[in-house]
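Please open the model in a viewer and keep the selection tool at hand. The tour proceeds by selections, each followed by an account of what is found there.

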Amino acid sequence: SQYLLDHDVELREKIKEQITELDKKSRTMVGLLNKIHSTPHDSVPALLDTVRPVLLSCRETTAAIAQLVPPNQFWRWKEMWSNSLRTAVFAAALIEYLSNRTLITLSGTRDILGIEDGWSDRFALPAEDYLHGLISVVNELSRLAVNAVTMGNFEEPIRISLFVKDLFSGFSMLNLKNDTLRRRFDSLKYDIKKIEEVVYDVSLRKLAQPPKASAE
């Protein structure tokens, strides 16, 4: 039993090492993505190009964790990495939105993070963690709606508004049994209100702009 105990401690340390790695990558992505709030619209693609390699490098880490976790022990260890994984989901979903104005799917997120179906008893991306990541994207986009206007990009809040409303109605159809998830979902109403205020403000300002002189 001492051997088992030692083995367990050693395993925990090894898993922790990889999670620290995933955490580092996730935090790097968040730091880079935070620049969207001060980056002019036409420079965003170049910024995203700096984040993508970090996102793809998460695959090495997820593979390393999957190799370390013993068969059928997913539930035993998953709490250790769920925060880092949610942050990685957030980054993947935000990059997808900013690149294509679309929502990354659960399976699309698994693919980009290199999470294989065959690992499901050891390492997986549960729907719950995916949804947590999406809620963080909405929090971030409500900030972006405000900051885009400051940078003179009046179209962005309108695009954000459509995307977030769509996402919100999708969420509304889910039966959210998890308390934390439900509370975070409920708080999205404040983000939506903030986005709507920006859109209203933009539409008023647009009405207030003098009509452009038509070309002779």
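The stops below cover a pocket, several salt bridges, one helix and one buried residue. The model is a predicted one.

**First stop: the pocket**

Begin with His41, Val44, Arg101, Asn153 and Glu156. Of the 13 residues that line the largest pocket, these five are the closest to its centre. The space in this pocket amounts to about 170 Å³.

Next, colour helix H2 (44–68) and helix H5 (127–150), the elements that give two or more residues to the lining. Helix H2 gives the most, with three residues. Sorted by class, the lining consists of eight nonpolar, three polar and two charged residues.

**Second stop: Glu156 and Arg101**

Keep Glu156 and Arg101 selected and display their side chains. The two form a salt bridge, in which the closest N and O atoms are 2.8 Å apart. This pair links distant parts of the chain: Glu156 belongs to helix H6, Arg101 lies in the loop between H3 and H4, and 55 residues separate them.

Which of the two partners is buried? Glu156 counts as buried because its relative accessibility is 4%, under the cut-off of 20%. Arg101, with a relative accessible area of 26%, is partly exposed.

**Third stop: helix H6**

Extend the selection from Glu156 to the whole of helix H6, residues 156–172. How far apart should the ends of its 17 residues be, at 1.5 Å a residue? The expected span is 24 Å, and the end C-alpha atoms are 24 Å apart, so the two values agree.

Now show the side chains of Glu156, Pro157, Ile160, Ser161, Phe163, Val164, Leu167 and Phe171. These residues of H6 are buried.

**Fourth stop: the other salt bridges**

The structure holds 16 salt bridges. As general background, side chains of opposite charge can pair when their charged atoms come close.

Select Asp129 and Arg86. The closest N and O atoms of this salt bridge are 2.7 Å apart. Here too the pair links distant parts of the chain, with Asp129 in helix H5 and Arg86 in helix H3 (residues 74–100), 43 residues apart. Asp129 has a relative accessibility of 4% and therefore counts as buried. Add Glu128 to the selection: Arg86, Glu128 and Asp129 are linked in a network of salt bridges.

Then move to Asp49 and Arg52, which also form a salt bridge, with the closest N and O atoms 2.8 Å apart. Both residues are in helix H2, and because they are three residues apart there, about one helical turn separates them. Asp49 is partly exposed, its relative accessible area being 48%. Arg52 is likewise partly exposed, at 31%.

**Last stop: Thr109**

Select Thr109, which is found in helix H4 (residues 106–112). Is this residue buried or exposed? Thr109 has a relative accessible area of 0% and is therefore buried.

Which residues are in contact with Thr109, leaving aside its neighbours within four places in sequence? They are Val89, Ala92, Ile104, Leu125 and Tyr130. Display these five side chains together with Thr109 to examine the surroundings.

To finish, draw a distance between the C-alpha atoms of Thr109 and Met173. The two residues are 64 residues apart in sequence and 21 Å apart in space.

Technical notes
Residues are numbered from 1 along each chain as its sequence is written. This is a predicted model: local features need pLDDT of at least 70, side-chain atom pairs count only at pLDDT 80 or more; totals for chains, interfaces and linings use all residues. Side-chain values use heavy atoms; hydrogens and water are left out. Helices (H or I, at least four residues) and strands (E, at least two) are DSSP runs, numbered from the N terminus. The expected span of a helix is 1.5 Å times one less than its number of residues. Buried means under 20% relative accessible area, exposed over 50%, partly exposed in between (1.4 Å probe, protein chains only). On a 1 Å grid over the protein atoms alone, a cavity is a set of points where a 1.4 Å probe fits but cannot get out, and a pocket is an open set with protein on both sides within 12 Å along at least five of seven lines; lining residues have an atom within 4 Å of a point. Grid points are joined across faces, edges and corners, and a volume is the space filled by probe spheres set on the points. Ala, Val, Leu, Ile, Met, Phe, Trp, Tyr, Cys and Pro count as nonpolar, Asp, Glu, Lys and Arg as charged, and the others, Gly among them, as polar. Contact means heavy atoms within 4.5 Å. A salt bridge is a side-chain nitrogen of Lys or Arg within 4 Å of a carboxyl oxygen of Asp or Glu.
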